[in-house]
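Me: I keep running into labels for residues in this model. Can you walk me through what earns each one?

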Amino acid sequence: MKGHDFKRWRKSLDMSQKHAADALGLKRRVVQYYEKGERDGEPVKIPRVVRLACYAILIGVEDYHGPEKEKKDKKAKREKQKSKPAEKKEKKDKKARKEEDVAED
């Protein structure tokens, strides 16, 4: 994303520089640097995190709190899968004890 792309993004959303800065968690002056593509005569690269944030805002994401919590059904299923190896071992041990009992008789 170049400076002119950044400015086009902001204008496509009908945002002022101040509003864009607030939405991205930046200072208005930084937005101006990004749009101009330079600061004090030096090129300014728009960081990936800002580019991704621009896209998120474009598609309507206002905030992100991480992945959704697992539903109880999924959690119970995962717990059941974790316990299967223990159940298999328990059955195997029980079978071995029965075989020992039969061998002793």
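Me: Why is His19 called partly exposed?

Reply: Quick background: this is a predicted model, where local features need pLDDT of at least 70 and side-chain atom pairs count only at pLDDT 80 or more, while totals for chains, interfaces and linings use all residues. Residues are numbered from 1 along each chain as its sequence is written, and side-chain values use heavy atoms, with hydrogens and water left out. Now, buried means under 20% relative accessible area, exposed means over 50%, and partly exposed is in between (1.4 Å probe, protein chains only). His19 has a relative accessible area of 44%, so partly exposed it is.

Me: And what makes Asp5 count as buried?

Reply: Its relative accessibility is 19%. Buried needs a value under 20%, so Asp5 counts as buried.

Me: How do you know that Asp5 and Arg8 make a polar contact?

Reply: Their side chains come to 3.2 Å. A polar contact is a pair of N or O atoms within 3.5 Å; within protein, one must be able to donate a hydrogen and the other to accept it, and residues adjacent in sequence count only if both atoms are side-chain atoms. The Asp5 and Arg8 side chains make such a contact.

Me: Why is the pair of Phe6 and Trp9 called tilted?

Reply: Rings of Phe, Tyr and Trp (its six-membered ring) pair if their centres lie within 6.5 Å; planes under 30 degrees apart count as stacked, over 60 as edge-to-face and the rest as tilted. The centres of Phe6 and Trp9 are 5.5 Å apart and their planes are at 40°, so the pair is tilted. These two sit three residues apart in helix H1, about one helical turn. Helices here are DSSP runs (H or I, at least four residues), as are strands (E, at least two), numbered from the N terminus.

Me: What makes the pair of Phe6 and Tyr34 edge-to-face?

Reply: Phe6 and Tyr34 have 80° between their planes, with 5.6 Å centre to centre. Edge-to-face asks for over 60 degrees, so that label fits. This pair links distant parts of the chain, with Phe6 in helix H1 and Tyr34 in helix H3, 28 residues apart. Add Trp9, and the three form one aromatic cluster.

Me: How do you know that Phe6 is buried?

Reply: Phe6 has a relative accessible area of 0%, so buried is the right word. Trp9 is buried as well, at 6%.
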